[in-house]
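Let's take a friendly tour of a protein and its ligand. Have a look at the structure below, and then read on.

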Amino acid sequence: MAQKFQSTFFGGLDVDFEHDAQIGAMTNFAIGGRADVLVTPHSTDALSQLMRRCHNSGTPVHILGKGQNLLVDDIGVEGVIIKLDAECFKTHTFRRNDQQNTLHAMAGADLATVLMDSTRRGFEGLSSMAGIPATIGGAVRMNAGGKYGKISDNLETVTCLFANGDLVTYLASELEFEYRTSSLPAPVVLSATFEVEEADPVEVRKRVKEIFKWKKTKQPLADASAGCAFKNPINASGERVSAGMLIDQTGLKGLTVGGASVSEHHANFIVTSPAATARHVIELMDEIQARVFDATGIQLHNEVIIWSKDEAASR
Ligand SMILES: Cc1cc2nc3c(=O)[nH]c(=O)nc-3n(C[C@H](O)[C@H](O)[C@H](O)COP(=O)(O)OP(=O)(O)OC[C@H]3O[C@@H](n4cnc5c(N)ncnc54)[C@H](O)[C@@H]3O)c2cc1C
């Protein structure tokens with residue numbers, strides 16, 4: 001498989017590629033297996049050609065952001081993993097206008113870096129993202145957010161790349177952004193624009209700091225995890241309830257499988273020790289789902305995305 005990619009697949013494309021890449025180590029869990037090949041395109045044109053080549057050959061493609069919501073199974077993942085790590089995919093710019101100020105960010109840009117720069121310049125719009133580790137592309141794809149808001153709140157446009165290499169820009173109002181999900185019709189988010197408002201930089205910094213402080217008290221930010229393991233489910237009365245609360249009430253804080261445990265700090269976080277494997281995390285998640293269902297009748301669904309060569313394990 002790897003040789004097939006090497007000899008013919010990337011010929012003439014302006015990309016770097018690495019066979020048998022240890023992508024599990026690139027996630028925040030820092031565990032799990034390898035990918036057949038990890039590809040870093042050097043331009044939008046190279047990315048577009050690569051997508052077309054994968055599409056025409058039926059090769060599976062995954063886009064790796066910052067790996068903060070991701071678990072790679074120990075047996076690895078098939079196909080081409082694309083990382084938008086070249087400088088051209090990491091830029092962001094602000095445009096001041098009488099009517100509206102706009103932030104344009106490429107998908108590989110680090111959300112925290114963009115937020116820090118916005119704050120320094122006195123632009124309000126992304127403060128609610130304080131403490132959420134992500135690339136712009138990963139945050140848009142997941143509609144990242146929390147108590148203070150979600151990334152789609154200020155989203156103006158999203159430029160997507162289709163499997164056939166076509167680029168299309170959508171108004172955010174043409175798409176659906178719901179709780180931790182988006183209806184993006186294409187596999188790749190290439191860039192996004194956000195409406196931002198001019199504000200006092202001191203006030204923006206204060207708000208960012210407050211939100212970050214709140215997150216730090218509520219979540220084990222320094223531990224190896226992928227953030228919340230499960231989405232907050234809807235209960236029988238149609239209300240969204242906290243998955244962490246259900247897991248806590250079921251008495252599962254501290255529950256451990258191998259090197260993976262339910263965090264004592266926040267029950268919806270699975271945290272790992274260096275001895276953990278991806279299978280420990282998957283088994284622990286299965287156990288939590290079964291026990292919460294037995295105790296409450298509520299089915300928890302993954303927020304963490306699992307990539308695996310085993311179709312049944314991919315979620
Ligand atoms: C400590 C901690 C705290 C967290 N707190 C929060 C929180 O408060 N709220 C919240 O919503 N999340 C939270 N998360 C989860 C995570 O930060 C978000 O889901 C984030 O959006 C993931 O972005 P990423 O770039 O790391 O994406 P990845 O984890 O790399 O990928 C996630 C998904 O997005 C896809 N993707 C990535 N980039 C692109 C792209 N350019 N185009 C198309 N698809 C793409 C991937 O294929 C994958 O399906 C937390 C995680 C951690 C570790």
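**Around the ligand**

α4 supplies the largest share of the shell around the ligand, with 5 residues. Helices (H or I, at least four residues) and strands (E, at least two) are DSSP runs, numbered from the N terminus. This is a predicted model, in which local features need pLDDT of at least 70 and side-chain atom pairs count only at pLDDT 80 or more, while totals for chains, interfaces and linings use all residues. Residues are numbered from 1 along each chain as its sequence is written, and side-chain values use heavy atoms, with hydrogens and water left out.

**The shell**

- There are 34 residues around the ligand (a heavy atom within 4 Å of it), and those that come nearest are Ile-63, Pro-133, Thr-135, Gly-145 and Lys-215.
- At least two residues of the shell come from each of β3 (61–64), α4 (136–142), β15 (188–198) and β19 (305–307).
- The shell divides into 18 nonpolar, 12 polar and 4 charged residues; Gly counts as polar here.

**Polar contacts (N or O atoms within 3.5 Å)**

- Thr-135 places a polar side-chain atom 2.7 Å from an oxygen atom of the ligand.
- Gly-67 has a polar backbone atom 2.8 Å from an oxygen atom of the ligand.
- Arg-141 has a polar side-chain atom 3.5 Å from a nitrogen atom of the ligand.
- On its own the ligand has 970 Å² of accessible area (Shrake-Rupley method, 1.4 Å probe), and the protein covers 95% of this area.

**The domains**

- The protein is divided into domain 1 (2–87), domain 2 (90–218) and domain 3 (220–315), with bounds from an automatic or database domain assignment.
- The contact between domain 1 and domain 2 (heavy atoms within 4.5 Å) takes 15 residues from domain 1 and 19 residues from domain 2.

Key. A polar contact is a pair of N or O atoms within 3.5 Å; within protein, one must be able to donate a hydrogen and the other to accept it, and residues adjacent in sequence count only if both atoms are side-chain atoms.
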